[in-house]
Amino acid sequence: MKCELIQYQMAAYAAHELPPETSLLIEKHLNHCPECQAWYQEIVEISLIWENPGPVIDMPDIVAGVMEEVRQMPPLAVRSLPRSRPRESQKSKLAHFGLAACLTFCLFQFGIFEHLGNGLTEATQHLSTRMEHIFKEGNP
């Protein structure tokens, strides 16, 4: 087995959550791979720390000090944002719609959509032919 697969399943192995045949394969791999042995040892140590946490160290309460600093800060200047007039937004929407309509008309006029459809059809046929070849002959 590859080390990546072993290390991916190592936590489940340490917790005895794997099927017996998978556990046996991992044990065999651990007997021969020092890197995975170190990984397993680290997982065991972390699980012991997780199961038996040490005493809680009293941490200083910094929230009150930070909040006092925030209260002493000068207030931010409130800026009033200029409001756009409804007519301007209507004009803007109309301009965007007109531009989109013109671009669409030009694309149809030059046959871009037709060429795009033909290109997609050719690509699909090529892919289909290649896949049939792979399935029949078994090699790419």
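Okay, let's start with a word we need: a helix here is a DSSP run of H or I at least four residues long, and the helices are numbered from the N terminus. With that in hand, read the protein chain from the N terminus on, and the elements go α-α-α-α-α-α. So what you're looking at is 6 helices and 0 strands. One thing to keep in mind throughout: this is a predicted model.

Let me give you the whole chain before we zoom in. The protein chain has 140 residues, and buried ones make up 10% of them. About 13200 Å² of the protein chain is exposed, with carbon and sulfur atoms supplying 64% of that. And if you take contacts in the protein chain between residues at least 6 apart in sequence, 44% of those join residues at least 24 apart.

Now, the helix pairs. In general, you describe two packed helices by the angle between their axes and the distance between the axes. I'll go through three pairs that way.

Start with H1, residues 3–14, and H3. Their axes are 10 Å apart, and they pack at an angle of about 25°. Angles under 35 degrees count as roughly parallel, so H1 is roughly parallel to H3. The crossing of H1 past H3 is right-handed. Who's touching whom? On the H1 side you have Cys3, Ile6, Gln7, Met10, Ala11, Tyr13 and Ala14, and on the H3 side Glu35, Cys36, Trp39, Tyr40 and Ile43. Sort the residues of that H1 and H3 contact by class and you get 10 nonpolar, 1 polar and 1 charged.

Let's stay with one of those residues for a second. Ile43 sits in helix H3. Setting aside neighbours within four places in sequence, Ile43 is in contact with Met10, Ala11 and Ala14. Also, try finding Gln7 on your screen: Gln7 and Ile43 are 36 residues apart along the chain, yet 9.9 Å separates their C-alpha atoms.

Next pair: H1 and H2. Here the axes come within 11 Å, and they cross at roughly 120°. That angle makes H1 oblique to H2. This crossing of H1 and H2 is left-handed. From H1, the residues Cys3, Ile6, Gln9, Met10 and Tyr13 meet Thr22, Ser23, Ile26, Glu27, His29 and Leu30 of H2. By class, the contact of H1 with H2 splits into 6 nonpolar, 4 polar and 1 charged.

Is Ser23 buried or exposed? Ser23 counts as buried because its relative accessible area is 14%, and the cut-off for buried is under 20%. Ser23 belongs to helix H2. Beyond the neighbours within four places in sequence, Ser23 is in contact with Tyr13 and Leu18.

Last pair: H2, residues 20–32, and H3, residues 34–51. The axes of H2 and H3 come within 6 Å and cross at roughly 115°. So H2 is roughly perpendicular to H3. H2 passes H3 in a left-handed crossing. The residues that meet are His29, Leu30, Asn31 and His32 in H2, with Pro34, Cys36, Gln37 and Tyr40 in H3. In the contact of H2 with H3, the classes come out as 4 nonpolar, 4 polar and no charged.

To wrap up, put the three angles next to each other on your screen: H1 is roughly parallel to H3, H1 is oblique to H2, and H2 is roughly perpendicular to H3. That's my bit, thanks!

Key:
Residues are numbered from 1 along each chain as its sequence is written. This is a predicted model: local features need pLDDT of at least 70, side-chain atom pairs count only at pLDDT 80 or more; totals for chains, interfaces and linings use all residues. Side-chain values use heavy atoms; hydrogens and water are left out. Axes are lines fitted to C-alpha atoms, for helices over the stretch in contact, and angles run from 0 to 180 degrees between N-to-C directions. Helices (H or I, at least four residues) and strands (E, at least two) are DSSP runs, numbered from the N terminus. Angles under 35 degrees count as roughly parallel, over 145 as roughly antiparallel, 65 to 115 as roughly perpendicular and the rest as oblique. A crossing is left-handed if the near helix is turned anticlockwise from the far one by less than a right angle, and right-handed if clockwise. Contact means heavy atoms within 4.5 Å. Ala, Val, Leu, Ile, Met, Phe, Trp, Tyr, Cys and Pro count as nonpolar, Asp, Glu, Lys and Arg as charged, and the others, Gly among them, as polar. Buried means under 20% relative accessible area, exposed over 50%, partly exposed in between (1.4 Å probe, protein chains only). Accessible areas come from the Shrake-Rupley method with a 1.4 Å probe; for residues, only the protein chains shown count as cover.
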